[in-house]
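Got the viewer open? Let's walk through this structure one selection at a time.

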Amino acid sequence: MSGEEEKQYFKGRGAQVNPHNKFLKDVYVKEHDEGIDDWEETDHKTSFIFENSKTIVNKVDSPDVGMAYSLNPYQGCEHGCTYCYARNSHQYWGYNAGLAFEQKIIVKQDAPSLFKKFLEKKGWDASTISLSGNTDCYQPAERKFKLTRQLLEIAMEYKQPIGMITKNSLILRDQDILQEMAKLDLCMVYVSINSLNEDLRQVMEPRTTTAKQRLKIVEQLSKAGIPVGVMVAPLIPGLSDHEIPKILKCVADAGAVKAGYTVVRLNGAIAQIFEDWLRKNFPDRFDKVWHMIQSCHSGNVNDSRFGDRMRGDGNIAKMIRDSFKLHSRLNGLNTNEIILNHSLFKVPSDQMSLF
């Protein structure tokens, strides 16, 4: 990394650039340091924006993401994962997909009341709702606002099945609720672990908990009787795909019963963010990694075809798929289906007056 790049590198943040928001007509740029007008440098502290939403549960139409409904109490994510597909959605809120995604966190403060309102809709069939389908519901903001815990308390009260995915150890705070839900087959937790390399994690997922701590999450929740799976996602050819055997053995030893994976895809503004990050952090490996990603997506770094977009195609994608399948079998993963109970759902009696 050159001296100039080092000077401009924002430690503790994943994105190092701010791609233009395609939904905005105007863009404010710094042309010259010696410009007449004062230039306001970006403040790299995290800020919270409170939003009153109309709805909180979204139907997921994509057939290859493994969920039917998602609930996201936060938009934007301070974890700062460079590859995060949710970055693009931040543009709809008027922000960029780069540093603003990590710094400007939208807090849906009315999420609990909206969740109740949704569950009380006539004809709701208690389909599993995923927390979160977009940004991590246990990101650092949750420690302050506790929206996810309130949502879990409501789910338990209504006996609503919940799926969860996180890479933050804050989920252990809510083990008490999850344990009670698990006794009724009302929850399933996935932990995201895409590398055991701490040096890689620190630059790729700068504000997340360590892989060692994530394995602890798997172990502790599993021992508490909560079904736990692991998403090895996204695998990055040339950077982390070689870790598949070790990751799957470690998660199985920790008590995981399920495992899934995706191959990195760089859609929209994420391509610029990830390319810049890769050049700055792994200049000696940039060409190899970039070309390997392209080989998994028919010569591009993104593929929008359902099915292929998550797993990739071509020889490298096949080697990843074969390795993952083999080591899942060797470690006894994915042998049994986890079926959540949808028959217990009931609107509490004191709510019936609303109908």
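Two strands count as paired if DSSP finds at least two bridges between them. Keep that in mind for the sheet stop below, and remember that what you are looking at is a predicted model.

**The whole chain**

Start with everything shown as cartoon. The chain has 13 helices and 10 strands. Of its 355 residues, 53% count as buried. Turn on the surface if you like: the accessible area comes to about 17,300 Å², and carbon and sulfur atoms make up 50% of that. As for contacts with a separation of 6 or more, 80% of those in the chain are between residues 24 or more positions apart.

**Stop 1: a three-stranded sheet**

Select residues 104-108, which is strand β5. Is this strand mostly covered or mostly open? Mostly covered: four of its five residues are buried. Now add residues 47-51, strand β1, which runs parallel to β5 and is joined to it by five bridges. Zoom in on Phe50 and you'll find Val107 of β5 opposite.

Next add residues 74-75, strand β4. This strand pairs with β5 in the antiparallel sense, over two bridges. Tyr74 stands opposite Val107, and Gln75 stands opposite Ile106. So what does the sheet look like as a whole? It is open, has three strands in the order β1-β5-β4, and its pairing is mixed. Because β1 and β4 each have a single partner strand, they stand at the edges, and one side of each is left without a neighbour in the sheet.

Before leaving, keep Phe50 selected and add Phe48 and Phe145: these three form one aromatic cluster.

**Stop 2: aromatic pairs**

The model has 10 aromatic pairs in total. Two are worth a look here. Select Phe118 and Trp124: with ring centres 4.7 Å apart and planes at 65 degrees, the pair is edge-to-face, as the angle is over 60. Both residues, Phe118 and Trp124, are buried.

Now go to helix α11, residues 286-295, and pick Phe286 and Trp290. How are these two rings arranged? Their centres are 5.6 Å apart and their planes sit at 20 degrees, so this pair is stacked. Phe286 and Trp290 are four residues apart in the helix, which means a separation of about one helical turn. Phe286 is buried at 6% relative accessible area, and Trp290 is buried at 11%.

While Phe286 is still on screen, add Arg279, which lies over the face of that ring at 3.9 Å from the ring centre. There is another arrangement of this kind to select: Arg311 lies over the face of Tyr261, at 4.2 Å from the ring centre.

**Stop 3: salt bridges**

Across the whole structure there are 17 salt bridges. Select Glu142 and Arg173, whose closest N and O atoms are 2.6 Å apart. This pair links distant parts of the chain: Glu142 is in helix α4 (residues 141-145), while Arg173 is in the loop between β7 and α6, 31 residues away. Which of the partners is buried, and which is partly exposed? Glu142 is buried, at 0% relative accessible area, whereas Arg173 is partly exposed, at 26%.

Move on to helix α5, residues 147-158, and select Arg149 and Glu153. Their side chains meet in a salt bridge at 3.6 Å, N to O. These residues are four apart in the helix, so about one helical turn separates them. Glu153 counts as partly exposed, at 40% relative accessibility.

Helix α8, residues 211-223, has a pair with four-residue spacing too, Glu219 and Lys223, about one turn of the helix apart. Here the N to O distance is 3.2 Å. Glu219 is partly exposed at 35%, and Lys223 is exposed at 67%, which is over the 50% cut-off.

For the last selection, take Glu142, Arg149, Glu153, Arg173, Asp174 and Asp176 together. Salt bridges that share partners join these residues into one network, and the two bridges Glu142 to Arg173 and Glu153 to Arg149 are the ones you have already visited.

Notes:
Residues are numbered from 1 along each chain as its sequence is written. This is a predicted model: local features need pLDDT of at least 70, side-chain atom pairs count only at pLDDT 80 or more; totals for chains, interfaces and linings use all residues. Side-chain values use heavy atoms; hydrogens and water are left out. Buried means under 20% relative accessible area, exposed over 50%, partly exposed in between (1.4 Å probe, protein chains only). Contact means heavy atoms within 4.5 Å. Accessible areas come from the Shrake-Rupley method with a 1.4 Å probe; for residues, only the protein chains shown count as cover. Rings of Phe, Tyr and Trp (its six-membered ring) pair if their centres lie within 6.5 Å; planes under 30 degrees apart count as stacked, over 60 as edge-to-face and the rest as tilted. A charge sits over a ring if NZ of Lys or CZ of Arg is within 6 Å of the ring centre and within 35 degrees of the ring normal. A salt bridge is a side-chain nitrogen of Lys or Arg within 4 Å of a carboxyl oxygen of Asp or Glu.
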